[in-house]
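Here are some short exercises to work through at your own pace. Keep the viewer open, try each task yourself, and then read the solution.

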There are 2 protein chains.
Amino acid sequence: MRSSRQRDAVLEVLRASCDHPTADVIFERVRSQIPNISLGTVYRNLGQLKDEGFITVVESSDTKVHYEGNLNEHIHFLCKMCNNITDVWCQSPVPARLAEMGLQVESQKTVYYGVCKNCRDNIECN
Amino acid sequence: MRSSRQRDAVLEVLRASCDHPTADVIFERVRSQIPNISLGTVYRNLGQLKDEGFITVVESSDTKVHYEGNLNEHIHFLCKMCNNITDVWCQSPVPARLAEMGLQVESQKTVYYGVCKNCRDNIECN
DNA sequence: TATTAAGTAGTAATGATTACTATTACTGTA
DNA sequence: TACAGTAATAGTAATCATTACTACTTAATA
C-alpha cells in the first residue's frame, strides 16, 4: 500500500470524527479538502484501511456500514429509537456505567472475531 | 399482528435452523413448505418478527442481514477467513471456552441495545 | 528521468432490500 | 353463516448502498 493523498484524507477525517459516519458522510467531509474525490475512492480506501487494521466497522441498525477511527477498546450503545451509537468508555462493561450515562439497556450482543479451527488447520496444511 | 401461514412458516424455519441464514436462504427453505411464497413476504415477516422480538439479527461480515431464532443469550464467534458464525454457549464469556472450541480470538466487540436519554425524555414529555 | 504498477475519477453495473398494487384470507360482528 | 373491514400476500418495479470497470494519473524505485 503506497501513500496517497486521498487515503490520508479519509483516515484523517475518520480519526477526527466523534460520531460513526457512513461512507457517504465521510465522502462529504473529505470533499471539503479534496473537492473532486470520487465516492468509489472513498469506498476503496475504507476497505483497505479496514483490511490493514487502521479503522474498524461498527454494528448499526440501518443497512449502511458505519466506520470508526478510534481503535481504543470501548463499548457501543445503540439506541433502538433514534439509532444513535454512543461510545462507552470503561474498563469493565458494567450496566451501572450505562445507567449513569442515562442509557437504558434492554439487551446485549457480544461478538468475538478471529480464526476458527477449520481455517487454522487449512493454513497449517498449506 | 394476526396469524398467517407464511409468518408461522418463516418463524418455524428459523427456529429449526442451526446456522444463521439470510433472507434469501430462509426464502428457499420456506419454499419447500409454501412453494409460491414471495421473497417480499419473507422480508416483511422477518421485519415484523424482529420488531415483535421473536427473532434477532446477527452481526456478520457480508452485506446481507443474518437472522437467528434462538433467543437464549449466547455469544457469537465470527471467523474472518470463512466468515462462518459459531454459537458459543457459556455463562461467563471466557476466552478459555473459545480456545477450548478451537476458536482463536483476535478482537471483540460488545454492543448494548436500549433507549438513550434523549429518546426517553421525549417519550415522557409526550 | 523512465518504468511500472498502484491509485484515481467518473460512470456503469450489481444485488440486497423496500415499495407498490391488485388480490386474498383472517377475524370480529350481526 | 354472511358480511365488512383490514391485515397479509404474490408478483413486480423501484431504490440505493456498494462494487466493478476503464482510461488516465501519480508514487516509488532504479
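**Exercise 1.** How far is the sulfur of Cys116(A) from the closest cysteine sulfur, and in which residue is that sulfur?

*Solution.* Bear in mind that the model is predicted.
- Step 1: Start at the sulfur of Cys116(A); the closest cysteine sulfur belongs to Cys79(B), 3.7 Å away.
- Step 2: Compare this with the cut-off: a disulfide needs two cysteine sulfur atoms within 2.5 Å.
- Step 3: The distance of 3.7 Å is therefore too far for a bond.
- Step 4: Look at the surroundings too: Cys116(A) is buried, with a relative accessible area of 9%.

**Exercise 2.** Find the cysteine sulfur nearest to that of Cys82(A), and decide whether Cys82(A) is in a disulfide.

*Solution.*
- Step 1: Begin with the whole structure: a search over all chains finds zero disulfides.
- Step 2: Cys82(A) fits this result, being in no disulfide, and its nearest cysteine sulfur is that of Cys119(B), at 3.6 Å.
- Step 3: Now check the accessibility: Cys82(A) has 38% relative accessibility, so this residue counts as partly exposed.

**Exercise 3.** Describe the lining of the second largest pocket.

*Solution.*
- Step 1: Take the volume, which is about 230 Å³ for the second largest pocket.
- Step 2: Pick out lining residues from both chains, among them Trp89(A), Cys90(A), Gln108(B) and Lys109(B).
- Step 3: Ask which element gives the most to this lining: strand β5 of chain B (residues 104–115) does, with three residues.
- Step 4: Sort the lining residues by character, and you get four nonpolar, four polar and two charged.

**Exercise 4.** Work out how the protein meets DNA strand D.

*Solution.*
- Step 1: There are 18 residues around DNA strand D, and those that come nearest include Tyr43(A), Arg2(B) and Arg44(B).
- Step 2: Group the surface near the strand by helix: α3 of chain A, as well as α1 and α3 of chain B, each supply at least two residues. The helix that gives the most is α3(B), with four residues.
- Step 3: By character, the residues of this surface are five nonpolar, eight polar and five charged.
- Step 4: Turn to the DNA side, where 70% of the strand D atoms within 4 Å of the protein belong to sugar or phosphate, and the rest to bases.
- Step 5: Finish with single contacts. A side-chain N or O atom of Tyr43(A) is 2.5 Å from a phosphate oxygen of the strand. For Thr41(B), such a distance is 2.6 Å, and for Gln48(B) 3.4 Å.

Methods. Residues are numbered from 1 along each chain as its sequence is written. Chains are lettered from A and ligands numbered from 1 in the order in which they are written. This is a predicted model: local features need pLDDT of at least 70, side-chain atom pairs count only at pLDDT 80 or more; totals for chains, interfaces and linings use all residues. Side-chain values use heavy atoms; hydrogens and water are left out. On a 1 Å grid over the protein atoms alone, a cavity is a set of points where a 1.4 Å probe fits but cannot get out, and a pocket is an open set with protein on both sides within 12 Å along at least five of seven lines; lining residues have an atom within 4 Å of a point. Grid points are joined across faces, edges and corners, and a volume is the space filled by probe spheres set on the points. Ala, Val, Leu, Ile, Met, Phe, Trp, Tyr, Cys and Pro count as nonpolar, Asp, Glu, Lys and Arg as charged, and the others, Gly among them, as polar. Buried means under 20% relative accessible area, exposed over 50%, partly exposed in between (1.4 Å probe, protein chains only). A residue is near a molecule or strand if one of its heavy atoms lies within 4 Å of it. A polar contact is a pair of N or O atoms within 3.5 Å; within protein, one must be able to donate a hydrogen and the other to accept it, and residues adjacent in sequence count only if both atoms are side-chain atoms.
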